[in-house]
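Work through the exercises below with the model open. Each task is followed by its solution.

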Amino acid sequence: MSAAFLIAAIAFFPGCTKTTTNPSALPPVASAGPSQIIQLPVSTTTVTGSGTSTNGIITGYLWSLVSGPNVPVINSPSSPTTAINGLIAGTYILQFAVIDEAGLTGIDTLSIKVNPSLTQTLTLQPSNNPGDGHTDSYNNIGGSGDTKIMMGEWTVSGTPIYFRSFLKFDLSGLPPTANIQSATLYLYAMPNPHGGDMLNAHSGAANASWVERIPAAWTFTGMTWANQPASTATNRVAIPQSVSSFDDNVMNVTALVKDMQTSGNYGFKFTMQNETVYNFRQYASSFHSNASLHPKLVITYQ
């Protein structure tokens, strides 16, 4: 027993400062319990030690940190059972000491190995996605199969025509209990525009748009401009005004996907922030011949 530990023990266990010991007495036997392995994001565990002595009862206990990647919180260091909080990845060595009626001390150690969290990635970039389509006010119909995702306003023979698009990914590969860390949506500018001015994927001085969540089930069957699915502004994400005619856009849609996880996956809706004519955006859809340009959703989770 080190002098430093003896001083700490004397300070921690009042009443053991004056003890008559038998020179032939054996020190107590401490057991810190089995070593442990845990996995982040779990950052707390419970340890239970015990002690036995031939000199009478165990009168005190003391948990302390020997080494580790940080200094965790030992909730009840003078109890045989205590929670250890604030653990991070790495290996900790904890010391458990017991003192008996004869004032003798026994020591044991255990290790707690904390493994890093297992972050997994789900990448969705389907082809010919049946949940990928749009509606327009001129033809008053909705459907999938077009090679572009579009939102905006133009004119046909002087008559305004408005477009809004919808995109639903299959999230069945995401475990129901997944702790979503991030969700990123990638949209790639349509390389061969056939909407708007027919030359540019994005045009107009006010083509900033919204990505919003659709909160209820919908279908393209029988869709018209009038009965298109509604969306909610909660946690919506802005697509800023284009800086070039062929911007790609990368959007943080973490909050939207978390909402889908808890409230039902009914997809995204894309609309202009201000629906005024001669503002247009178009991206390659999942029906485009170049699969690398299909909309992509990347979700990381634990």
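At 7% relative accessibility, Glu212 counts as buried, because buried means under 20% relative accessible area, exposed over 50% and partly exposed in between (1.4 Å probe, protein chains only). This is a predicted model, where local features need pLDDT of at least 70, side-chain atom pairs count only at pLDDT 80 or more, and totals for chains, interfaces and linings use all residues. Residues are numbered from 1 along each chain as its sequence is written, and side-chain values use heavy atoms, with hydrogens and water left out.

**Exercise 1. Describe the surroundings of Glu212.**

Step 1: place the residue. Glu212 sits in strand β17 (residues 209–213). Strands (E, at least two residues) and helices (H or I, at least four) are DSSP runs, numbered from the N terminus.

Step 2: find the polar partners of its side chain. A polar contact is a pair of N or O atoms within 3.5 Å; within protein, one must be able to donate a hydrogen and the other to accept it, and residues adjacent in sequence count only if both atoms are side-chain atoms. The side chain of Glu212 makes such a contact with that of Ser231 at 2.5 Å. Another, of 2.9 Å, links the side chains of Glu212 and Arg236.

Step 3: list the contacts (heavy atoms within 4.5 Å). Leaving aside neighbours within four places in sequence, Glu212 touches Ser231, Thr232, Ala233, Arg236, Gly267, Phe268 and Lys269.

**Exercise 2. Check the backbone geometry in three loops.**

Step 1: take the loop between β2 (36–39) and β3 (45–48), which holds Pro41. The peptide bond joining Leu40 and Pro41 is cis, with omega about 20 degrees.

Step 2: go to the loop between β13 (148–156) and β14 (159–167), where Ser157 lies. Ser157 is not a glycine, yet its phi is positive, about 50 degrees. Is Ser157 buried or exposed? Its relative accessibility is 80%, so Ser157 counts as exposed.

Step 3: move to Met198, in the loop between β15 (180–187) and β16 (202–203). Met198 also is not a glycine and has a positive phi, about 70 degrees.

**Exercise 3. Lay out the four-stranded sheet.**

Step 1: write the order. This open sheet runs β2-β9-β8-β5, with mixed pairing. Two strands pair if DSSP finds at least two bridges between them.

Step 2: find the edges. β2 and β5 (58–67) each have a single partner strand, so one side of each is left without a neighbour in the sheet.

Step 3: inspect one pair. β2 and β9 (residues 105–115) run parallel and are joined by four bridges. Within that pair, Gln39 has Asn115 in β9 as its bridge partner.

**Exercise 4. Analyse helix α2.**

Step 1: pick out the buried residues. In α2 (residues 254–263) these are Thr254, Leu256, Val257, Asp259 and Met260.

Step 2: name what covers them. The cover includes β15, β17, β18 (232–239), β19 (249–252), β20 (268–272) and β22 (296–301).

Step 3: look past the end. Gly264 follows α2 and has a positive phi, near 110 degrees.
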